[in-house]
Amino acid sequence: MTANPPSTQVPGASRRTLVRGLALDVGLPVIAYYALHAAGVSNWFALLAATLVAAGRIVLVAVRQRLLNALALVMLVIYGLGLALTFATGDVRFLVLKDSVGTGVLGFLFLCFAVAGHPLTLAATRTWDSEWAVAMAERYRTVPAVRHGHFVASMVWGVGLLAEALLRVLLVFLLPISVVVGLSTALIAVVIGSLMVWTLWYMRRVRRTLGVQTRPAGATSS
């Protein structure tokens with residue numbers, strides 16, 4: 001077997017690194033918010049907890065790697081905005097719609113950062129492992145397939161989160177609010193869970209594609 005050149009290798013750990021980073025930067029604040037919300041904690045305190053979790057990720061990465069965690073910063077702004085909006089009105093429908101604002105803004109930012117050439121999926125990998133961050137940054141700069149993979153993954157996350165936000169808006173006006181409140185937690189869990197599963201599948205596909213493209217003619221894999 002002839003090994004892939006170091007600059008083009010995409011080890012299996014890359015999938016775990018990306019999903020782990022997304023889970024920490026996106027998943028932890030979301031879980032903190034919805035878990036406390038489902039437990040009966042007030043919306044204000046649930047939002048405060050999610051904001052603090054996102055802030056904690058920024059501080060942790062800054063201390064360990066001297067790096068600004070872009071994705072955690074986005075989550076901090078979103079939940080901080082939600083925290084401010086809780087004082088705008090006490091209407092229950094507004095509180096549910098506010099959740100759509102959060103996921104909708106996050107989805108929009110995923111799309112904008114991807115188009116600008118700074119995908120948030122790349123930020124998720126960079127903030128998990130400093131050594132891996134250097135290797136990933138180099139692959140992203142030099143390997144077109146890696147850039148394309150992050151672009152596609154970011155676009156899918158953006159579209160998926162925007163679709164979730166729009167669906168929640170429709171549910172608010174089509175269903176009784178008591179039903180929507182219960183569905184809201186399940187909806188975001190299903191969407192993020194599905195995006196995580198899709199990301200693992202897609203990264204595996206990118207890895208196979210890179211392996212085929214970089215393997216010399218006549219080489220075999222073991």
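**Exercise 1. The nonpolar patch**

Which helix gives the most to the nonpolar patch? Work it out on this predicted model.

*Solution.*
- Start with the members: Leu167, Leu170, Leu174, Leu175, Val179 and Leu183 make up a nonpolar patch on the surface, and together they have about 510 Å² of accessible area.
- Next, look for the elements that supply two or more residues: these are H7 and H8.
- Now pick the top contributor: H7, with three residues.
- As a spot check, take one of the members: leucine 167 sits in helix H7. Leucine 167 has 38% relative accessibility, so it counts as partly exposed. That clears the bar for patch membership, which asks for over 30% relative accessible area.

**Exercise 2. The overall fold**

Take a step back and describe the chain as a whole: how many helices and strands are there?

*Solution.*
- Count the elements: the chain has eight helices and zero strands.
- Written in sequence order, the pattern reads α-α-α-α-α-α-α-α.
- Then check burial: of the 222 residues in the chain, 42% are buried.
- For the surface, the chain exposes about 11,000 Å², and 71% of that comes from carbon and sulfur atoms.
- Finally, look at contact range. Take the contacts between residues at least 6 apart in sequence: 76% of them join residues at least 24 apart.

**Exercise 3. Two salt bridges, two settings**

Find the salt bridges, then decide for each partner: buried, partly exposed or exposed?

*Solution.*
- The structure has two salt bridges to deal with.
- Begin with glutamate 138 and arginine 141, whose closest N and O atoms are 2.9 Å apart. The cut-off is 4 Å, so this pair qualifies.
- Place the pair: glutamate 138 and arginine 141 are both in helix H6 (residues 130–142), and because they are three residues apart, about one helical turn separates them.
- Sort the two by accessibility. Glutamate 138 comes out at 34%, so it is partly exposed. Arginine 141 has a relative accessible area of 56%, so it is exposed.
- Move on to glutamate 164 and arginine 168, where the closest N and O atoms are 2.4 Å apart.
- Both glutamate 164 and arginine 168 belong to helix H7 (residues 144–174); they are four residues apart, about one turn of the helix.
- Sort again. Glutamate 164 has 1% relative accessibility, so it is buried. Arginine 168 has a relative accessible area of 1%, so it is buried too.
- The result: the bridge in H7 joins glutamate 164 and arginine 168, and these two residues are buried.

**Exercise 4. A ring cluster in H8**

Which residues do ring pairs link into a cluster? Classify the pairs as you go.

*Solution.*
- The structure holds three aromatic pairs. One of them is tryptophan 198 with tyrosine 202: the ring centres are 4.9 Å apart and the planes differ by 10 degrees, so the pair is stacked, the label for planes under 30 degrees apart.
- Tryptophan 198 and tyrosine 202 share helix H8 (residues 177–214) and are four residues apart, about one turn of the helix.
- Check how covered they are. Tryptophan 198 is partly exposed at 22% relative accessibility, whereas tyrosine 202 is buried at 7%.
- Tyrosine 202 also pairs with tryptophan 201, at 6.5 Å centre to centre and 45 degrees between the planes, and this pair is tilted.
- Tryptophan 201 has a relative accessible area of 41% and is therefore partly exposed.
- Put the pairs together, and Trp198, Trp201 and Tyr202 form a cluster.

**Exercise 5. Around His150**

Leaving aside neighbours within four places in sequence, which residues is histidine 150 in contact with?

*Solution.*
- Locate the residue: histidine 150 is in helix H7.
- Check its cover: at 3% relative accessibility, histidine 150 is buried.
- List the partners: Pro119, Thr121, Leu122, Thr125, Met136 and Tyr140.
- Now look at another residue, leucine 120, which lies in helix H5 (residues 120–126). Leucine 120 has 1% relative accessibility, so it is buried.
- Last, a distance: leucine 120 and phenylalanine 151 are 31 residues apart in sequence, and 9.1 Å separates them in space, C-alpha to C-alpha.

How values were computed:
Residues are numbered from 1 along each chain as its sequence is written. This is a predicted model: local features need pLDDT of at least 70, side-chain atom pairs count only at pLDDT 80 or more; totals for chains, interfaces and linings use all residues. Side-chain values use heavy atoms; hydrogens and water are left out. Rings of Phe, Tyr and Trp (its six-membered ring) pair if their centres lie within 6.5 Å; planes under 30 degrees apart count as stacked, over 60 as edge-to-face and the rest as tilted. Buried means under 20% relative accessible area, exposed over 50%, partly exposed in between (1.4 Å probe, protein chains only). A salt bridge is a side-chain nitrogen of Lys or Arg within 4 Å of a carboxyl oxygen of Asp or Glu. Patches are made of residues with over 30% relative accessible area and no salt bridge: like charges are joined within 9 Å, nonpolar side chains (Val, Leu, Ile, Met, Phe, Trp, Tyr) within 5 Å. Accessible areas come from the Shrake-Rupley method with a 1.4 Å probe; for residues, only the protein chains shown count as cover. Contact means heavy atoms within 4.5 Å.
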